[in-house]
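This report looks at how strands pair and how helices pack in a two-chain model. Please keep the sequence and the structure at hand while reading.

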Amino acid sequence: MSEDSTGTSPQTLNGWYELFSRGSRDWLRHNEKIREAVREHLPRIVSGSDIINDGARTVRIPVRMLEHYRFRLLQTGDAQGVGQGKAKPGDVLGPANPQNGPGQKGAGGKDQGGIELMLEFKVDDVIDWLWEDMKLPNLQPRAGATEDSEWKREGWDRRGARSRLDRRRSLKESVKRRALDADSPAFTDEDLRYRQLTRRRQPALRAAVFFLIDVSGSMSDRDRQLAKTFFFWVAAGLRREYKALDIVFVAHTTDAWEFSEADFFKVAGSGGTVTSVGLAKVREIMLERFDPGSCNVYLFYASDGDNASDDRAPASNELETIAKAVRYAGYVEISAGVRSSQSETMGLFEAAAEAGRPCGRFSVGGPDDIAGAVRHFFTAEANTSGNADVVGPSV
Amino acid sequence: MSTDWRSHVPRLEGLARKLGLDWSEVIFEAVPDSFMTEIAVYGLPVRMPHWSFGARYIYQLLQRHMGYSRLFEVVFPGDPGHAYLAASNGLADNVLVTAHVLGHADFSKNNMLFRRCQDQGNAHIIEHAASHARQIERHIESYGFNAVEQVLDAALSLEQYVDLDQSLRRERYPEYAPTPTEPKDDPFRTRFATLDATPGAAPQARKVRAPLPPHPERDLLWFIATYAPEMESWERDIFLAVREESFYFYPVFATQIMNEGWASYWHARLLREADFIPEETYLDAIKCHSDVVRPVATGEQVALSINPYHLGFTLWEEIVKTSGLDDARRVMREDDDCSFLRNYLTREIAEEMGLFRYQRQQHGQIKVVAADIEELHENLLSGKYNFGAPRVSVTEVKNDGTLVLAHDSQLDGRGLDAERTGKVLEYIKRVWRRPVLLNTVDANAKAVVLSSEFLG
């Protein structure tokens, strides 16, 4: 028996039943499935640009309840029903919510699809999904003065910090001992086992990554936002993947400047585009601070491709110099619309790639392409050779 | 939570027996509201896990939280029956609920649909469902959560596709077609038989394999569990477990209006005639009764759905008034909601109740339209046919194992929603392990074949 209640009923909570709430268990599974589904729609999460600005550690995404599908008839426009009350043929009743009507036991809960939930995703998790199987292209260990060392768990000992007590192992010891002597106490200090740490040495993998962004007047706010979103996810991923990693942030118009990371994501500019200036700045910093002989250097450049045409030769020279030294140079073209012909900068990178340099390129038309761009540059296929890159989905 | 109500149970039972109710013993148990919600969502106190129940559970919690509905009691037929009462019920609520439960117990012991399903072994559905749940937990341990969930996705989405006219433990079809009986008085045959027998041409009695299925089969759960080419036995178990639970759910579904009406009629009558109940308790209980059977929410002029308690209650009052209790009991034994409404919801009662038919138009406007009583019947019953699901049956298993389903769009009046159907076919394909096709019509009534393959 059920009733449409006018007031809320007093809740008697009983711990035993709460403990075994099957409803909550299945609800958690439902949410887990939503997470999996959302994960497949990664581009939507990645394109959320507000993450960059407020430095939040989580992204909130609206999701619908999952539907368990069944055979269902086509929905027709004119649904019919039977109602009850003071009404005669011809009356028009206002839009009403039929769920408030009596008799709705809701036992089936058929229409819960209408509820939207906000699910929070950790930025770290998103990076996990995005960077699955991704790595820096052509990374090579370089002989250098420094070695990485890290602490690893290895082996057990009878003494150690309380926090590293291995309970399973200790219990095993206790079981073994009591197997020999059934009358002995359940646990003694002798049974306790602690995990031990050792130091592992590895050859260093030094890497430096240059982010170069075109902030000239032709790059609209939207274009810049797209470029920065791309850089944000690349930086976040690289930082997690490689410990000894230097990232250098450079922006250019007709002039070029190096920025701190925080400023880089805020930078805006105006004026023309001279790519060679930006590339020259990168070259300067590279030669000054990083020795390409002992360090893996990478360049990622984002622009709308509208380089001044008289800059073609200088830009080409600069790119040639850089491309010879770096492991990989990637170009992300932010193209807001359909392009009738190839852009200046795209041509530049294509020529370099054809000349056998490790140069790749990708067109980003909108927020949904960003995850694709990250994938493109950092999956194994992209690295097999420097010049076999395809141009990404153009709009 | 008042425990006092238990003292009224024996006396209410005595009164009910005197008035002719006939039921198997019912065990009453008070449980927390959260557990009540779960029973309502899962339909059984302990049932197999599935994420779709989780989604419904949260929906129910929200509804409850917003005060839309409240559950007093859930009763499970059987011998003995089990009644779960919400711990938040007051004394008067529980007196009413006890009487209500006796009405349900009488109904489920005597109604034919219920009896047939209980004869199939569903008298212990609570225990069976719990054992299914336990079995499935074990399958999860052995085969992994995802593998089991995939099977449940498929089985539960076909929950309504059982054939109640068949036995719960159903035999396979005969493997060979029945040998055609020879026509007796055929002059040609007689003459042919007199001819010299040619060597090697002796007629052989050849067995012919029966087509699979021999006729369109609507018991999809049974058919898939029985004939899927490469189904694991534990997967078949899950399909048959879901099928058994559907056998239990069907009578509950198909007699909801009658059953709730009958229980409401009896709780009202038992309370009226129970002189041992204190005045104050009686008044509270009657107030609760009128909340349960009220047709239209307080403060509203109209309701756009029918309260089954109200409809059933009104009809039973009328039947008992005009034909007497014996006739009412006969109707209770023999009918289901379809025949009940068609036979006893008359023009006069419908007018008295203020039933009307409406059409939902664009922009959410709702227009009341004229309707005769047959149209009202059909509208009220439209969701009741075929367990409330579109009519889909198996028509063929091709040589390569492809499963062919057909939707009866003629009877259902339109085709199936292609997107959802595609998803269901994908569910099925994972257990059938061969392509699955379904014939239906599109929005323009043109024949289409939906497939588990096209949608990848």
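## Strand pairing and a helix contact

In this predicted model, strand β3 of chain A pairs in the antiparallel sense with strand β5 (residues 302–303) of chain B, over two bridges. Within that pairing, Gly85(A) stands opposite Val302(B) of β5(B). Strand β3(A), which spans residues 80–85, also pairs in the antiparallel sense with strand β6 (residues 355–360) of chain B, here over five bridges, and Gly83(A) is the residue that stands opposite Phe356(B) in β6(B).

A further antiparallel pairing lies within chain A, where strand β9 (residues 245–252) and strand β10 (residues 256–259) are linked over four bridges. A hairpin of three residues joins β9(A) to β10(A), and Val250(A) stands opposite Glu258(A) of β10(A). The pairings are listed below.

| Strand | Partner strand | Sense and bridges |
|---|---|---|
| β3(A) | β5(B) | antiparallel, two bridges |
| β3(A) | β6(B) | antiparallel, five bridges |
| β9(A) | β10(A) | antiparallel, four bridges |

Turning to the helices, the axes of α11 (residues 256–273) and α14 (residues 337–344), both of chain B, come within 7 Å and cross at roughly 75 degrees. Because angles of 65 to 115 degrees count as roughly perpendicular, α11(B) is described as roughly perpendicular to α14(B). The contact is made by Gln256(B), Ile257(B) and Met258(B) on the side of α11(B), and by Asp337(B), Phe340(B) and Leu341(B) on the side of α14(B). By class, this contact of α11(B) with α14(B) comprises four nonpolar residues, one polar residue and one charged residue.

Terms used. Residues are numbered from 1 along each chain as its sequence is written. Chains are lettered from A and ligands numbered from 1 in the order in which they are written. This is a predicted model: local features need pLDDT of at least 70, side-chain atom pairs count only at pLDDT 80 or more; totals for chains, interfaces and linings use all residues. Axes are lines fitted to C-alpha atoms, for helices over the stretch in contact, and angles run from 0 to 180 degrees between N-to-C directions. Angles under 35 degrees count as roughly parallel, over 145 as roughly antiparallel, 65 to 115 as roughly perpendicular and the rest as oblique. Two residues are in contact if their C-beta atoms, placed from the backbone, lie within 7 Å. Ala, Val, Leu, Ile, Met, Phe, Trp, Tyr, Cys and Pro count as nonpolar, Asp, Glu, Lys and Arg as charged, and the others, Gly among them, as polar. Two strands pair if DSSP finds at least two bridges between them.
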